[in-house]
Amino acid sequence: MKQEISQQKDEADAQSSQVKQVADLIEGLVRGGKSITAAVSFLKTGFLAIPENLLMAGRLEYERRRNLILVWDDQGDTVIGPQVGSWYGGPASGDVFWPPLWNQLKEEIPDGCEDVDQASSRVISLGSSAGDEHIDTRGLVLGYVQSGKTTNFMSVIAKAADVGYKLIIVLSGQTDNLRQQTQDRIQHYLLGSHPTRIHPLTTLEKDFSEDILPEALLSQDDLRFLAVVKKNPARLSRLNKWLKKASATTLASCPILVIDDEADQASIDVGTKRQSTINALIRELLSHPKSAYIAYTATPFANLLIDPKDPTDLYPRTYVVSLPRPDAYFGPERIFGTLDAEEGTDPDDGLDIVRTIPEADVSKVRPPTGKNSIESWTAEVSRTMRASILWFLLATTARRLRTSEIKHSSMLIHTSMRALAHVEIQEAVDIELNGIRGDFNNNDRELITEIETLWSEETARVSATLFNNSEISFSEVLANLSDTLEATKVIVDNYLSTERLSYDKEKPSTAIVIGGNTLSRGLTLEGLISSYFVRASSAYDTLLQMGRWFGYRKGYEDLVRIWMTDELRRWFTALATVEAEIRDEIEVYAKENKDPSQLPVRIRTHPQMAVTSASKMKNAIKARVTFSGHKIQTILFSNDQEWLDANVEATTNLVQRAIALGHKENELERTNSRGFMKVPAEIVLQFLDEYSVHEDARTFKSEPIKDYIRSQNERGLLDEWNIVFIERQGQDSSDLSLGLDEPLKLLRRRKHSTSTDDTINLKAIASRWDRIADLELPKSAVVSSLGLADESKVLDRHLRTIRSQRGLDKTGLLIIYPINMNSEDTFQPRPDVLGDTTVTVAAVGKSEREALQAPQHLVGVGLLFPESKFNTDTIDYISAKVSPDYLDNADDELIQADARDEELATQEENASK
């Protein structure tokens, strides 16, 4: 018996050994460029003729050791196409290009290098193996503005080079300085470690102008070829012509990887001649038999609106990967806050670092529109621009006092896309800066008082201790300010510039940078500390990309300041919410294993995407919009008593109609809240007819909301609504009843600093928990049932699921927020977390809130829609089209820049002959 058991054990050990040997063979073939399927087929039909059962066991062993059994699907932030498999499990011992980069990353970003490794491996794994006979990958990697996308795609490049991709092309935006910045980083991190293994097809000084025939280069299997190419017609045409000179045999054995940085810009055909030309040239580049395309962007709106049915276009049909947001990242919601309010606290307004540019200042720094209007315009340094310049000087000095190492420090002035305007502003800023230098050197008391007041006010509004940064006194700043004044230069960076922005690693730069296109996308402004921004745009993706202040500000988080108009600030606040919802949507689609082709309709029809500035409309355009799964709220109110009285009356009428139908105000499941259950949709529609919405409201537009409700009613949905009155618990009753049996206990909401004499801006009145305001569910029970760590992890989609599970997936929710007209300056500090430090808003200093002092109690409204069962549930919506006179025409300047580059490319070509 023992002998039999021993024999079985020997046979099992032999079998295990054979399985491991087969796994080793598969790994060797995959490393050589074959896909897993091709490797298995080769071992099955080749001279080894390995039995199928052993092959399958060997494949499973290979996938297990390479962590491919679970692939990456459990991470919940990758949406993959139906034909996508995974073949790459991460770096291997024989890699050449990745190890040196990995060693650099470990030194420079020790806390984030593991994330970069994992995320870049995921991107590689979802594309095609370099050994596949045909490669046609279309992927999208969604990062954050100024968050390290370049580091991710450099890691992808290194790993792609290791697995056999031979020609790697980086499309790096539309401007020379962005191309040069990308080229510089790639040379530093990749080319420097492999001078004999990677042949650069571009240099810092020269865009693509290779004159060696591709056949002579691409036929060398041991080399990799890398080009960083600007997205303009001249360079892309030259690249395509060069590739066409290679033989079909060479191209068939040359895996090409195209990395499209800032992929939502220029690459997508949006109808203009220039965009169509660039899009066609990129598609031509991808027409070769083995070409993979990976789009990188922080703003995927345009990429996900490409027609997914066109197989030759750039829609990311293979996969969409959403990179995690780094802990120390300053994004839109961190700076501008979100549209969410918890009872008893002020809404999250973000850090108190945004300062208002009044409309009276705009005309001084932004030229009037029209072709020749700039000729008669003279730029002035407005009061707010002077403050932003002075703050740059003070903050730069303070930052350098905190560290023994002098680092780059930058200020951004972005008021127009027009190159001639930049020159005007530069002259005005130079005069202002020279005046400040002269007054400082003369110890002018008015200047000293001015900067001391500015320093005191600003440091009181955002405390250094909030970020564990050392506090710097004004006397210390004053004693060292002369060095900063002496070092500061004013630079114009545009296509006409002779002196472009550059950051010498050996010589720290102190620069006030003025520009348009070149500064609004992709380009990293090192040590950006002060921004002055009045540029207008109706496109959300353009707005987000303009946020050069997003990113990492370690050691000077408290010193960052942004000056902008209140209108732009409102846009950015709304954008923070839209962006978060879209990323959440991608995560939901990933968890539900949905195809990337199902994403566009959800993004295209987001209510915020259809709205532009209500104050500067000309021509109406038709859009499609859905409110499926959305929460909308009134945040703007007129400061007129008659207007507010009318809304009190409209809400009272709503209550009376519900009661007339036999409803009782205690019908809710929640015993401590009042409201009605299963009220007919007609009552809600009548209320929306009578309730006044502020003319500047963006998402809350009564007509499209009513149209959507009616369209749902035709499907048998939203026929019934629950109505909830949110009251402040533990407060005394008021003089407002809205027709209920007992007066309401009013909420307290302070108005935001962007309010005016005519308009009250509350920014947010609704909490995410209001999604279940009609249900008796303690927050702790919800957190426990979802298996989450704490309340902060509960998202709106979780609460939508809970409603659906309780049979409320066809029921709308109308919430009434009665707000005390005398809401005072008292409030509970809002807990916040920044890095490893838990703080309260009170620690920041001055709040951006003030007492309400309205002429009548406010009646706010929230509408929470369930998820529709039909993706096609949209309605036509006539939205605003911003007047062309209001917006700068960026294309005109880009076309002129293209012409200059065409001339330069021709000169280079003639010189090489």
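This report walks through one open sheet, the helix lying across it and two nonpolar cores in a predicted model.

## The sheet

Let's start with the strands. Five of them make up an open sheet with mixed pairing, and the order runs β16-β26-β22-β19-β18. The edge spots go to β16 (631-633) and β18 (674-680); each has a single partner strand, so one side of each is left without a neighbour in the sheet. From one strand to the next, the twist averages 15 degrees.

Zooming in on one pair, β22 (residues 812-819) runs antiparallel to β26 (residues 858-864), and seven bridges link the two. Take Ile816 as an example: its bridge partner in β26 is Val861.

## A helix across the strands

Helix α22 (residues 641-660) lies across four strands of interest here: β18, β19 (720-725), β22 and β26. Relative to β26, the helix runs at about 55 degrees.

## Two nonpolar cores

Now for the packing. In soluble globular proteins, nonpolar side chains tend to be buried together. Here the largest nonpolar core counts 61 residues, and Ile389, Ile413, Val429, Trp455 and Tyr532 have the most contacts inside it. Helix α14 (residues 383-401) is the top contributor to this core, giving 10 residues.

What does Ile413 touch, leaving aside residues up to four places away in sequence? Its contacts are Met385, Ile425, Val429, Ile512, Val513, Ile514, Gly515 and Tyr532. Two of these names, Val429 and Tyr532, also appear among the residues with the most contacts inside the core.

There's also a second, separate core, this one of 56 residues, including Val679, Ile683, Leu718 and Val861. Val861 is also the β26 residue bridged to Ile816.

Methods:
Residues are numbered from 1 along each chain as its sequence is written. This is a predicted model: local features need pLDDT of at least 70, side-chain atom pairs count only at pLDDT 80 or more; totals for chains, interfaces and linings use all residues. Side-chain values use heavy atoms; hydrogens and water are left out. Two strands pair if DSSP finds at least two bridges between them. Axes are lines fitted to C-alpha atoms, for helices over the stretch in contact, and angles run from 0 to 180 degrees between N-to-C directions. Contact means heavy atoms within 4.5 Å. A nonpolar core is a set of buried Ala, Val, Leu, Ile, Met, Phe, Trp, Tyr and Cys residues joined through side-chain atoms within 4.5 Å. Buried means under 20% relative accessible area, exposed over 50%, partly exposed in between (1.4 Å probe, protein chains only).
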